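Here's a quick back-and-forth on how some labels for this model get earned. Have a look at the chain, then we'll go through the calls.

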Amino acid sequence: MSDENAYAVLEIADYRRLLISRLMVTVAVQVQAIAIGWQIYAITNNPLFLGFAGLAEAIPAIGVALYAGHVADVVDRKQIVLWSVGTLVISLALLWACTLLMPADWTLVTCLFTVIAITGVARGFYAPAIFGTVSDIVPRHLMGNAAAWNSTVWQASAVIGPIFGGLLYGWVQAANTYMFSTILLGCAFVSFSLIKSKSVINPNKHDTVLENIKEGLQFVFSNQIILGAMALDLFAVLFGGAVALMPIFAKDVFHCGPQVLGVLRAAPSVGSVITAIVLTRHPISHNSGKIFMLAAAGFGLCIIGFGLSTNLYLSLALLAISGALDGISVWVRSTIFQLATPNEMKGRVAAVNSMFIGSSNEIGEFESGTAAKLMGLVPSVVFGGVMTLLVVLVTSVKAPKLRNLHIHELYKEPEPAS
């Protein structure tokens, strides 16, 4: 893609609205995550509960994901997005009220976990609907461009959110931090409502929800490229993510407050933003599979280095590099999913993807918290990085079609699901 058409997809008004809306949702959720993580660790002083927080969101999200994917293929996806974001607004308002009215003890922790579970349900419906909405708005030949801009905006919001969340928590404490997120999500709801495009609902040949879900699962598990990309990212995030442990690194390793926690959480996204901007102009058309796997391996090495580092600046640099490499993985994976999936299957494939990848972040937080409790902080992070390298090796052997993928070959229209 040349410089002059790097901004082609931004000429679509509905796509611009979609990007702005997703930006606000992601910033709000990142700010919320900073506040909840710091609150829970401050009250419990136990890394295991940081892991439980991730699990509390992942279980509901996984539980509704397959049904949500079916719904996203038979209902207007914009309406599902509005319902999901509206639920997030209510959830953040509840966090705001609980933090204002309850003492900082186990009663508040229980409230936090309850609201986390509600947000998990909302996210389970949001993910497949928003994935399909992109293909409702963007023509096929611009999908690679859209994937780069999606990643750019998401990663930019992932930089802004943690930094601003840490600063905001340090300035005005938890309750007002949740108030900010509530207002921002309300603005996102309004912005989403202005999108004019509607889903083209294809008549479905199956009569039952279970048959539709089964069809989606069969499609994913029979496609080596999609399944391999999902599996690689699942286990890389599951073992290589140290996000849940950032409050411990900030407080106990670097002896700093929530402001530094925000910077640590944002550092990977700084690298990812740089990668995403480059990919808007120079997409990876050839040797995409090999580059994808090398990036995942580099991510694992950065995580090992981060675990061993005791210098804040070195740790930030390693996190930024890990984010840059992860940005490559995100672009390749997103482009694969959009191009290799028929439109009538987008919701169900995205639902399986959210189970593999979206919820792997939260399950990875549980794994990280549990491993840190059992093995210690540094050994648990190093172990995760080593496991990521092992996963890349296994995937390269078991998924040769993914390893030898050239993305430019996917731009022809995929065969409709049988």
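A surface patch is made of residues with over 30% relative accessible area and no salt bridge, and nonpolar side chains such as Val and Leu are joined within 5 Å. Keep in mind that this is a predicted model.

Q: What makes Leu390, Leu393, Val394 and Val397 a nonpolar patch?
A: Leu and Val are on the nonpolar list, with side chains joined within 5 Å. Leu390, Leu393, Val394 and Val397 form such a patch on the surface, with about 370 Å² of accessible area together.

Q: Why is Val397 called exposed?
A: Exposed means over 50% relative accessible area. Val397 has 58%, so it counts as exposed. Its place is in helix H13, residues 377-398.

Q: How do you know whether H10 and H11 are roughly parallel or antiparallel to each other?
A: Look at the angle: the axes of H10 (residues 288-308) and H11 (residues 312-340) cross at roughly 155° and come within 8 Å. Angles over 145 degrees count as roughly antiparallel, so H10 and H11 get that label. As for handedness, H10 passes H11 in a left-handed crossing.

Q: What makes the contact of Arg17 and Asp14 a salt bridge?
A: The rule wants a side-chain nitrogen of Lys or Arg within 4 Å of a carboxyl oxygen of Asp or Glu. Arg17 and Asp14 come in at 2.7 Å, N to O, so the pair passes. By this rule the count comes to six salt bridges.

Q: Why are Arg17 and Asp14 separated by about one helical turn?
A: Because they are three residues apart in helix H1 (residues 13-44).

Q: Which of the labels buried, partly exposed and exposed do Arg17 and Asp14 get?
A: Buried means under 20%, and partly exposed runs from there up to the exposed cut-off. Arg17, at 23%, is therefore partly exposed, while Asp14, at 8%, is buried.

Q: What about Arg77 and Asp73: why are they called buried?
A: Put their values against that under-20% cut-off: Arg77 has a relative accessible area of 3%, so it's buried, and Asp73 at 6% counts as buried too. Their side chains meet in a salt bridge at 3.2 Å, N to O.

Q: How do you know that Glu215 and Arg348 meet in a salt bridge?
A: Their N to O distance is 2.6 Å, and the cut-off is 4 Å. This pair links distant parts of the chain, with Glu215 in H6 (residues 209-221) and Arg348 in H12 (residues 346-375), 133 residues apart. Both Glu215 and Arg348 are buried.

Q: Which residues are linked in a network of salt bridges?
A: Asp73, Arg77, Asp136, Glu215 and Arg348.

Definitions and conventions: Residues are numbered from 1 along each chain as its sequence is written. This is a predicted model: local features need pLDDT of at least 70, side-chain atom pairs count only at pLDDT 80 or more; totals for chains, interfaces and linings use all residues. Side-chain values use heavy atoms; hydrogens and water are left out. Patches are made of residues with over 30% relative accessible area and no salt bridge: like charges are joined within 9 Å, nonpolar side chains (Val, Leu, Ile, Met, Phe, Trp, Tyr) within 5 Å. Accessible areas come from the Shrake-Rupley method with a 1.4 Å probe; for residues, only the protein chains shown count as cover. Helices (H or I, at least four residues) and strands (E, at least two) are DSSP runs, numbered from the N terminus. Buried means under 20% relative accessible area, exposed over 50%, partly exposed in between (1.4 Å probe, protein chains only). Axes are lines fitted to C-alpha atoms, for helices over the stretch in contact, and angles run from 0 to 180 degrees between N-to-C directions. Angles under 35 degrees count as roughly parallel, over 145 as roughly antiparallel, 65 to 115 as roughly perpendicular and the rest as oblique. A crossing is left-handed if the near helix is turned anticlockwise from the far one by less than a right angle, and right-handed if clockwise.
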